[in-house]
Protein chains: 2
Amino acid sequence: MNNPSTLDALIEALRCLPGVGPKSAQRMAYHLLQYDREGAARLSTALATALAQVRHCRLCNSFTEDEVCRLCRSGTRDASTLCVVEMPADLMMMEQTQIYRGMYFVLMGRLSPLDGVGPRELHLERLLKRVEDGQVREVLLATNFTAEGEATAHYIGELLKGRGLRVTRIARGVPVGGELEYTDAGTLAQAILERRELS
Amino acid sequence: MNNPSTLDALIEALRCLPGVGPKSAQRMAYHLLQYDREGAARLSTALATALAQVRHCRLCNSFTEDEVCRLCRSGTRDASTLCVVEMPADLMMMEQTQIYRGMYFVLMGRLSPLDGVGPRELHLERLLKRVEDGQVREVLLATNFTAEGEATAHYIGELLKGRGLRVTRIARGVPVGGELEYTDAGTLAQAILERRELS
């Protein structure tokens, strides 16, 4: 290589970003050093600051700068419902619906035995501790409808059985605005199986 | 947004990377904070170090930590030939051929009027100064065979005319190992136009 060693070190360091291989890392490094030194400096600082300040909320496990995050601290939420999601991005999607007014627990992942992520790596004992606060009466499982998300929901469901809690799962079915002709057969099959009485 | 502000700042800062939009930036930030804090710390340091130490070689304009880079300092290269490439990655490809033994000039870009990159932004005056060192006798244009790379080669060719220099362009044609049946017509047309005598 004809790169100076600090440049090689930067290219190597950029590969910690998910989805960034050697070619993109090189392209990114050249771009930053040539066209956006200001952005690179900002990124360096933002990384250091976030590392120093961001931690997990003691209650919901999401990212926060405090011991307990703003949402968990807010007195206006329904403390009797706890929604379990995989990632903070899912929490944000739930909030955008403006329908759900309960609390959250963010798994920060999903069960994925192939990647070595089991119940221990997900720290499910923290979820168990969380639901035993005396206020939670319903756990709404809102993990993804992927194979891994489904397995995670199933596992947590089994875990919470017999604790006097209502355990629910968000509904599967034809998307709002969806046309049957363009819905995949698996989704439509589920929508039939999970059909409900007209109210 | 329910993200703490330092996390939002990190997501925003990651968008300085080329090809990274809001969704990937969010995914990257979550990944780093959750699974790779060590990598993030390394990246933060690598960015700061590279910004502090990497600059442009006074002779070839490529990235280096010194005033003149290792290749330009090496006494073993042929100082009479100067190869003009767009980016350091192109220089590395040229070196990998082990055929070229001359010097380089790295444009750090290409003429691209639509992106606001003209002769002034490319600092072509530095190239002009470089070829007047009394040693360079041939300038080999090795910009890409894209529309912009071709325009850049043409522009530099015109610029260097009448200075008593030999100005050459790397050959276009059917790739080594290429089969005519699977070569695109444009490439084959050029290979015909640029045919040469069998030696």
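Mentor: Let's start with a term: a pocket is an open set of grid points with protein on both sides within 12 Å along at least five of seven lines. Keep in mind that this is a predicted model.

Trainee: Okay, so what volume does the largest pocket have here?

Mentor: About 800 Å³.

Trainee: And which residues are closest to its centre?

Mentor: Those are Gln26(A), Tyr30(A), Met87(B), Ala89(B) and Asp90(B), out of 30 residues that line the largest pocket. Two elements each give two or more residues to that lining: helix H2 (22–35) of chain A and helix H5 (88–97) of chain B.

Trainee: How does the lining divide by residue type?

Mentor: You'll find 16 nonpolar residues, eight polar and six charged in the lining of the largest pocket.

Trainee: Now the two chains. What rotation superposes chain B on chain A?

Mentor: Turn chain B by 180°, with 0.0 Å of shift along the axis, and it superposes on chain A with an RMSD of 0.1 Å. That is how a two-fold axis relates two copies. Both copies use the same surface, too: 100% of the contact residues of chain B recur in chain A.

Trainee: Which residue of chain B comes closest to that rotation axis?

Mentor: Look for Ser44(B), whose C-alpha is 2.1 Å from the axis.

Trainee: One last thing: what does UniProt list for residues 57–72 of chain A?

Mentor: An unreviewed UniProt entry lists them as "zinc finger region: C4-type". In the model, the end C-alpha atoms of residues 57–72 of chain A lie 8 Å apart, and the span is 19% helix and 12% strand.

Definitions and conventions. Residues numbered from 1 in each chain as written. Chains lettered and ligands numbered in written order. Predicted model: local features only at pLDDT ≥ 70, side-chain atom pairs only at ≥ 80, totals over all residues. Heavy atoms only, no water. 1 Å grid on protein atoms, 1.4 Å probe; cavity = no way out; pocket = protein on both sides within 12 Å on 5 of 7 lines; lining within 4 Å. Points joined across faces, edges and corners; volume = space filled by probe spheres on them. Helix = DSSP H or I, 4+ residues; strand = E, 2+ residues; numbered from the N terminus. Nonpolar A, V, L, I, M, F, W, Y, C, P; charged D, E, K, R; others polar. UniProt positions renumbered as here; feature names shortened; annotations may be inferred. Least-squares fit on C-alpha atoms with pLDDT ≥ 70 in both. Contact = heavy atoms within 4.5 Å.
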